[in-house]
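Hello,

Here is the structure for your set. Please look through it, then read the notes below.

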Amino acid sequence: MTRTVVVDRGIGTTTTRSGRRGEPTRESGVFELSRPDRSISASGVRAGFDDPRAALEQLRSGSVSAVVGALPFRRDRPAALFEPVTMRHHDGSAAVTHAPALPAFTVGNLHDASHLDRVAAGVAVLADASSPLQKVVLARTVELSSEHETHPMAAFAALVAGTPTGNGYCVDLSSAGAEYSGRTLVGSSPEVLIRKSGDVVSCHPLAGSAPRFTDPEQDRSSGRTLTQSSKDLREHAFVVDALRETLAPFCKTLDIPDQPTLTNTPQLWHLGTPISGVLADPSTPSLEMALALHPTPAVCGTPTDVAYSTIEELEGERGFYGGAVGWCDAGGDGEWMVTIRCAEISADRRRITAYGGGGIIAESDPDAELAETVTKLGTVLRALGVSTDV
Ligand SMILES: C=C(O[C@@H]1C=C(C(=O)O)C=C[C@H]1O)C(=O)O
């Protein structure tokens, strides 16, 4: 799967190293990751990698100086990673100026009842004593279309502005091959898969969700109920257990609180566990750890292989939703966010596919799960000016 792509910046087309000329691309190699304390802005493709192992090898050997991009949900699908031509770090979240205006959208079925059948089918497998499946994350999409183009930076700016933390990302997916040429992933994820700085690593897994409310008392009560929900605590524990098992071999010390704490976005309350550790080998690349940790049961399930096949059967192809978005420099430092609260913008920029899902266990209720996807889809939809109150 190794493919190296060199971009001819002058005329905006992509050529492979073997000399084949690809589809014309616009602004090839856009990568933005906005985080509350430190953001990354990269552009241009010096070398593209659809195989993350090849990117890791070249980072280790020092032949590339940094890698940015997106990992897909399925480990056997092409990644969209690249060594950028320029890469800047800056303090605080991204401040996008002069972003073009967003167009008006026609929105697909926001309350698509077919998700009820999907969840019911998942619950049936989970309740079947002969299946090893304990948790599965099931998701759905909503399609947006417009007569006018959505500029990815306009969507990114709106997503960053839509959260007080300034979380947001925008990734050109062209390095994943012809199928993805010109497509862009945008989103605002609250979930840190792995962050590495020197010998310190941290993660902030989220699992277990409840809606926010405008009424302060109702809002607090929704959060409080979540902290006491045995169903959500169980969903959360699968994720923390998986992270503990994967992180332990990398770490000299690992600090994992016994109980999750409440965290929030403008749309949702979540159960979250702040995990930190000290690496045995401080040169371990953040990309290596992201590949080891992904997919966690926050986006896939337990056990992973059974959850993967259940998702494939009940949902189909997820593309980059449920993957990871991030960066890794030559010293191994970097940060990878779980690719949730996201949407993919088509190459012609007139169609947008937004994604939302949730963890399902045997006790899950299909109606509540459908409502949770609408709330989660609200992160992207509201940023794009689309109401979810219909
Ligand atoms: C799967 C999504 O979110 C994940 C699933 C959660 C849950 O099941 O409660 C919570 C946070 C995320 O880890 C999504 O936003 O699409």
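**Helix packing**

Helix 1 and helix 6 are roughly antiparallel, because their angle is over 145 degrees. Helices (H or I, at least four residues) and strands (E, at least two) are DSSP runs, numbered from the N terminus. This is a predicted model: local features need pLDDT of at least 70, side-chain atom pairs need 80 or more, and totals for chains, interfaces and linings use all residues. Residues are numbered from 1 along each chain as its sequence is written.

Helix 1 spans residues 52–61 and helix 6 residues 286–293. They pack at about 155°, with axes 9 Å apart. Axes are lines fitted to C-alpha atoms over the stretch in contact, and angles run from 0 to 180 degrees between N-to-C directions. Pro52, Ala55, Leu56 and Leu59 of helix 1 meet Leu287, Glu288 and Leu291 of helix 6 (contact: C-beta atoms, placed from the backbone, within 7 Å). That contact has six nonpolar residues, no polar ones and one charged. Ala, Val, Leu, Ile, Met, Phe, Trp, Tyr, Cys and Pro count as nonpolar, Asp, Glu, Lys and Arg as charged, the others, Gly among them, as polar.

**Ligand shell**

The ligand has 18 residues around it (C-beta atom, placed from the backbone, within 6 Å). Ser209, Ala298, Ile340, Gly357 and Gly359 come nearest. Strand 9 (135–145), strand 14 (206–211) and strand 23 (351–360) each supply at least two shell residues. The shell divides into seven nonpolar, seven polar and four charged.

**Annotated span**

The end C-alpha atoms of residues 131–376 lie 29 Å apart. That span is 28% helix and 34% strand.

Best wishes

Notes: Angles under 35 degrees count as roughly parallel, over 145 as roughly antiparallel, 65 to 115 as roughly perpendicular and the rest as oblique. Two residues are in contact if their C-beta atoms, placed from the backbone, lie within 7 Å.
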